[in-house]
Amino acid sequence: MTEPIPTEPAGGPVVTEPAATEPAVTGPAGREYPQQWEADVVLADGGVAHVRPAARADADQIRAMHGRMSARSLYLRYFSAVKQVSDAQVSIFVDVDHETAIGLVVELGGELIAAGTAHRNTSFGDPDAAEVAFLVEDSQQGRGLGSILLEHLAAAAQERGIRRFTAEVLGENTQMVRVFIDAGYTVHREYDSGVIDLVFDIAPTEKSRAVVLSREHRAEARSIRRLVSPRSIAVIGASADPTKIGHAVLANLLEGEFAGPVYPVNPEARSVRGVRAYPTVNDIPDPVDVAVVTVPTATVAEVVESCRVKGVHGLVMMTGGFSDAGLDGAQAQRRMAAVVRGAGMRLLGPNCLGMINTDPEVLLNASLAPVVPPAGPVGFFCQSGALGVAILADAAARSLGLSTFVSAGNRADVSGNDLLQYWHGDDRTEVVLLYLESFGNPRKFARLARVLARTKPVIAVKSGRHSQVVPGLVATSSELTDDVVASLFEQSGVIRTPGLTTAFDVAQLLSTQPVPRGDRIGIVGNSSALGVLAVDFCLEAGLAVAADSPVDLGVQVGAADLADAVREMANRDDIDALVVGWVPPVATEGHEHAAALRDALRDAPIPAVSTFLAVDGLTQHLSVLDDRGNPTRGSVPSYRTLERAVGALSYAVRYGAWLDRPAGTVPELAGLDRKAAAAAARAAIEAMRVPDDPARALIDAELVTLLGCYGIPIEAFQAIGSADDAVRAAAEIGFPVALKSFDESLRHRLDQAGVRLGLQTPDQVREAYQNLFDIAGPWQYVQKSVPAERTGVPTVFRITADPSFGALVSFGIGGVATELLEDRAYRTVPLTDVDAADLIAAPGAAPLLDGYRGAEVVPKEPLIDLALRLSALADDVPELVGLQLQPVLAGPAGIAITGATGIIGPPSEFDDWRRRMQ
């Protein structure tokens, strides 16, 4: 039985007045302009461009683009020599209604550099197909514009009901043929008289999505590499005044020995700190890769325009007063970001601390931090500019080596996701550390982190749990509950810590020691008291203490004996990690002991942590140094307390367990009818009672059809409106039956006021109907009773679609207590078989399925299968913005779904698979 709005009772539906909407933006021929097709995109070489729908006003620009192209390129496009583009050829690109003819253009620096069209094949009697064609300016070829246009045209065409693309390409135009072949579609080819006819379905496939993600990764990584490894840099607002930001960043660049030229920009100075200054960035005679902007807010727009004209690749905007200053500032920030991206630049900030790259070939300190940690393997992303200086000072005090540090500030453009793409392929980065105050696109974060965490530990501090009430964070935040964030991190393999101190503790361990292969801990030291404490901390952290631990070597143990004991324990088969607690006796510096410990563990197969001299960080004698004198792999991390040492180790152990678990696969499920489901979803959207209504409840028939397409049956039911109807429905369904109220709140009350169960005869049905009538009214449900062997434990499944996060599947055990305690587990879509098993086992009340206190054991396989089917449904039908199955009864003989509600509505933009920047 479903629980959404039922088919309407006699008397008709209640009609409400539709809400007023803003007037739509119109384009060619007065048709609505598809603004959702606009997107900023990262090109293959790391540059940025803007994709938007074409319009008649673009005719002159299209003509100008043709004029900049070679005769060869025009021949390949039009199959004949073109001396001057005709009005008819221009009209192909601009006379588009975005229904029968779709047109997109790519804009860079105010000029059109590429265009693409998809014309529906109505004249050939195939309205589901469209002929696709592209034109890319010669100077812009090789930047991936053809593949980007294909992705965006395919997504737009699907929105208009087009299912296939056709194309005619000259056989000698191998570059264009490769665009179609390499896109991951199954392309059918026919060759005739030098022309290749191509036909392919444009629905996203696993292969085409993999191609898109791979291209996205390479492009975004290159984009950030250009930003953090500039060959030249300008400081706009450089000042000789030590109290100014422009002075601090210039001083840090010069003192950090940046490998390229540094250009101060100050219209009132001939030089700053002995370096020649220039009035504007355009007066600098040489190219400028990156500009650090430190000018007042009022002059930022002028500076951005100058950088656009100069051809700067990236801006580091330290100036504040944008989204951190309220709604007006947020609007100014959006305008600035649009100008920056339109010029092909990337923007770090505004209101950021800057960036650091310790690569010896770069040596960049374009930040306000006077103290920079040594070079090392940790890539660090931090949103906060205010905390950044203190954070870097703490890292430096610990000798925690960084490869790259980036402070994103308000994240108008560059975000943590961009850095994840970059660090994935950066050989100098072995550990990723994130300090996050909010999420911009959490769904993308989960996808990227899940891949990255398989090769490099990702440690995250997620602060800002109440960011939605902090004005400076609202503009860049997605409102996610802490449970959802925790699930996101857990499923992605991200090591989540409660604060920066713990995050540094874990980074210190994983950047120097191997990942633990298990949870068996050996403890050795020179104090029995420390050993007992270590045991307590290990057990409290869920770790197992190895046999014969702790080992007390005595307070006067010599360096050689300490090394021998540690070496022996490190090579035992029953120990996965070591905790070494050492306190110095009176008048002993401990340098000899530290060096002996370091050498004993140099080639150890397991990790070790210590509380040597109660010092935080990598001390000189515990460190293995590289050729530049910086701590490297094999160094033994020291912590001020045993509790912190064991705590860091426990996080590493859990990460190791995640790595050891199979990644899982998204299985092929039997009985799925994806085409029918897509058609049902489209029909439900078209049946919206109010145009552009954001969402509505699915009626019974719609929901039963949609769930049936994914092999998710609901126990047989009928909606009835009288006692006679109830008796007739019970006879058709078959006794025994149950009567249930339409009102969901009545059905789920503790006293089950809205339910009458176990009705065996027509008289019992009639009596139950009259009894329920007084409480719930005439409209009720009759449903087949579920056999006792399928009614052991009530459970609840949900699909939730967040506008920025995407789809989640959640699972919990039914009951008031679990609802009050929010005992519910979440996993992101798509679920692998491992994810689905974890989801069912994750709630605190899950032991009820395992025969708790003598109850019958409930097989989990049917619940896992249901979770996978719901995942497939959520992934394939983004219009399903909400679904609840309650209760799903689970018993020894299987499961029974007896209630469901669903909400249909337009899918969020992040369900779109095409490449686009946030």
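Which helices and strands each supply at least two residues of the lining of the second largest pocket? Here are some friendly notes.

1. This is a predicted model, where local features need pLDDT of at least 70, side-chain atom pairs count only at pLDDT 80 or more, and totals for chains, interfaces and linings use all residues. Residues are numbered from 1 along each chain as its sequence is written, and side-chain values use heavy atoms, with hydrogens and water left out.

2. The opening question is answered by helix 2 (71-78), strand 4 (111-121), strand 5 (126-136), helix 4 (145-159), strand 6 (164-170), helix 5 (174-181) and helix 6 (206-228). Strand 5 provides the largest share, 6 residues. Helices (H or I, at least four residues) and strands (E, at least two) are DSSP runs, numbered from the N terminus.

3. This second largest pocket (an open set of points on a 1 Å grid over the protein atoms alone, with protein on both sides within 12 Å along at least five of seven lines) has a volume of about 980 Å³. Of its 45 lining residues (an atom within 4 Å of a point), Ala133, Phe134, Leu135, Asn173 and Met176 are the closest to its centre.

4. Now for the cavities (points where a 1.4 Å probe fits but cannot get out): there are 6 of 30 Å³ or more. The second largest cavity holds about 60 Å³ of space, and its lining consists of Val41, Val42, Glu216, Ala219, Glu220, Arg915, Arg916 and Met917. Helix 6 gives the most to this lining, with 3 residues.

Note on methods:
Points joined across faces, edges and corners; volume = space filled by probe spheres on them.
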